[in-house]
Amino acid sequence: MAPSRAQRLALILALCGAAACGAPTPAPAPAAPQPSRTGPNIGASRVVPMPESLSVATGAPFIIDSTTSIVTDGDAEVWRTADWLAGLIRKSTDFRIPVNRGGAATPKSVRLRIGGSASLGDEGYELSVSADSIVIVAPRPAGIYHGAQTLRQLLPADIESDIGLGRPMGAPAVRIVDKPRYAWRGAMLDVARHFFTVHEVKQFIDIAAMYKLNVVHLHLTDDQGWRVQIDSRPRLTSVGSQSQVGGGPGGFYTKQDYAEIVKYASDRYITFVPEIEMPSHINAALSAYPEISCSVRPAGVYTGTDVGWSALCVDKEETYRLIDDVIRELAAMTPGPYIHIGGDEVATLNREQYVKFIERAQDIVAKYNKQMIGWEEITKARLRPTTLAQQWKSDSASAALQSGAKLIMSPSDKIYIDMKYNANTELGLDWAALIELRRSYDWNPATYVPGVGDQNIVGVEAPLWSETVRNITSAEYLMMPRLPAAAEVGWTPQALRNWESFRTRIAGQAPRWNYLGINWHRSPEVAW
Ligand code: TNX
């Protein structure tokens, strides 16, 4: 049977790429019946990460035009998401898109409301698109936000334009019921090796939010620079922030900058995790406060990229007084429950000194009512069950399980997005692996470390170390497309993940990145 006009239109809207998806041009009558293409992958051909369940409806698409409005319930956070969505649509279409808070649903409206099954959890949502309405329902506001991000991807890439194209845009008729596999889906940016401005950090957060990541971790201190204001220890920034890899001015975030970053993240349902690296990777602090060093030679500015050589003097009480000051102020500035204390690559302490230090640091973090996170080396110490260990290089992380502590999976040979894609990649390092897109996608967190399963894992995080990365444009080149791959590893059930499907869907994202001015790597594994 030949498809109806509405079905043809739905099909075109579901399949079309960037430019073709504007006005719903009537399809010419086909000469012969079209092959059936209404399998489940059609509507999903655009969405990254792949939703847990998606069925393509047979009806006509919803057309956003000059009469479209958004209607929300009374919830202030839902309204904020509605406002964001309206802004996105207005900027690309020039339509008015009024937002009606707490109003009755009108015909041709996009409806956002708290509700639905509690089984969707903190971040899940349902999204139904038909010719008459788009409905996003979720038990919690974060779910509404994720649902709105999915809707953004169902619309043509033109939605990312900011020149008011004045054209209607269609979303294919679908029903999506979706929630994440893992509660922790993170991205880390190293702002210590090279400093990134607040504006650049916001750009990083925007990309994370687009792919439903919910943690942004900043590596705030290292040998080359201390990047956060601590009032009780002003030299940390006045002396410790003034450089970076290769020299250059460095920089730091004032408390006001920090608050701005934290708020920007939390408005996007992203938990902000600060990392103060210790007891090694600490030269910047030693240069500011020589009394926390055991060395008789004063530390100077360090602009190289070696690791493991610097250390706090772990046997001096002054060291713990400084850490207490830092953690106290940082805890007060940080609404999220976590403080990351680093703990990796310590070449100059023996095991006993290291363990003693980590346990004291853990007590200080707990004293200020935060949960400690550390790189997997911390599993040598006795961990509290609320501590998280971040796996990055080996299976030693599994030692955490004895104490009931859980793991964040960041295997360096899969999702270290500072690794080069191939031997010709100009940016990045290669000590862990060369990581083309498929390698960052094709792995399962639940089977990566022997004896560590989903019950031991809170989720995944992709770190971007910045020894070779000087600005957000370079960061984007390494992130895209590997960060969306990591996002799908964290969000989509393993059984639904499939390289061939991802490879097609990720190609559909590139026109959006072009509109947004995001730099990206044209992986040869994808037909872009
Ligand atoms: C290892 S991963 C480090 C970092 C480097 C990174 C470069 C980890 C916990 N430590 O200090 O920046 O390799 O890839």
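Helices here are DSSP runs of H or I with at least four residues, strands are DSSP runs of E with at least two, and both are numbered from the N terminus. With that in hand, welcome to this structure. It is a predicted model, in which local features need pLDDT of at least 70, side-chain atom pairs count only at pLDDT 80 or more, and totals for chains, interfaces and linings use all residues. Residues are numbered from 1 along each chain as its sequence is written, and side-chain values use heavy atoms, with hydrogens and water left out.

**Around G490**

Let us start in helix α14, which spans residues 482–491 and holds G490. Buried means under 20% relative accessible area, exposed means over 50%, and partly exposed is in between, with a 1.4 Å probe and protein chains only. G490 has a relative accessible area of 0%, so this glycine counts as buried. Contact means heavy atoms within 4.5 Å. Setting aside residues up to four places away in sequence, G490 touches R181, Y182, R185 and V460. From G490 to L155 there are 335 residues in sequence and 23 Å in space, C-alpha to C-alpha.

**The ligand and its surroundings**

Next comes the ligand. A residue is near a molecule if one of its heavy atoms lies within 4 Å of it. There are 13 residues around the ligand, and R193, D344, Y416, D418 and E467 come nearest. By class, this shell has 7 nonpolar, 1 polar and 5 charged residues. In this scheme Ala, Val, Leu, Ile, Met, Phe, Trp, Tyr, Cys and Pro count as nonpolar, Asp, Glu, Lys and Arg as charged, and the others, Gly among them, as polar.

A polar contact is a pair of N or O atoms within 3.5 Å; within protein, one must be able to donate a hydrogen and the other to accept it, and residues adjacent in sequence count only if both atoms are side-chain atoms. The table gives some distances of this kind.

| Side chain | Partner | Distance |
|---|---|---|
| D418 | ligand oxygen atom | 2.6 Å |
| W431 | ligand oxygen atom | 2.7 Å |
| E467 | ligand oxygen atom | 2.6 Å |

On its own, the ligand has 360 Å² of accessible area, and the protein covers 98% of this. Accessible areas come from the Shrake-Rupley method with a 1.4 Å probe; for residues, only the protein chains shown count as cover.

**S412 and its contacts**

W431 also turns up among the contacts of S412, which touches W392, K393, M419, W431, A432 and I435, not counting residues up to four places away in sequence. S412 belongs to helix α10, residues 412–415. Its relative accessibility is 6%, so S412 counts as buried. The side chain of S412 also reaches the backbone oxygen of W392, at 2.7 Å.

**L85 in helix α2**

Helix α2 covers residues 76–93 and includes L85. L85 is buried because its relative accessible area is 0%. Beyond its neighbours within four places in sequence, L85 is in contact with I70, V110, A148 and L151. L85 and H194 are separated by 109 residues in sequence and by 33 Å in space, C-alpha to C-alpha.

**Strand β6 and its partners**

Two strands pair if DSSP finds at least two bridges between them. Strand β6, residues 125–129, has 4 of its 5 residues buried. It runs antiparallel to strand β9 (residues 174–178), joined by 4 bridges, and E126 stands opposite V177 in β9. With strand β7 (residues 133–138), β6 also pairs in the antiparallel sense over 4 bridges. Here E126 stands opposite V137, and β6 and β7 form a hairpin with 3 residues between them.

**Backbone details in the loops**

Most residues other than glycine have a negative phi, and most peptide bonds are trans. A few places in this model are worth a look with that in mind.

The loop between β14 (271–278) and α7 (283–288) holds P279, and a cis peptide bond with omega of about 0° joins M278 and P279. H281 is in the loop between β14 and α7 and has a positive phi of about 50°, although it is not a glycine. At 2% relative accessibility, H281 counts as buried.

P481 sits in the loop between α13 (472–479) and α14, and the peptide bond from M480 to P481 is cis, with omega near 15°.

Finally, E345 is found in the loop between β15 (338–342) and α9 (351–367). E345 is not a glycine, yet has a positive phi of about 50°, and at 25% relative accessibility E345 counts as partly exposed.
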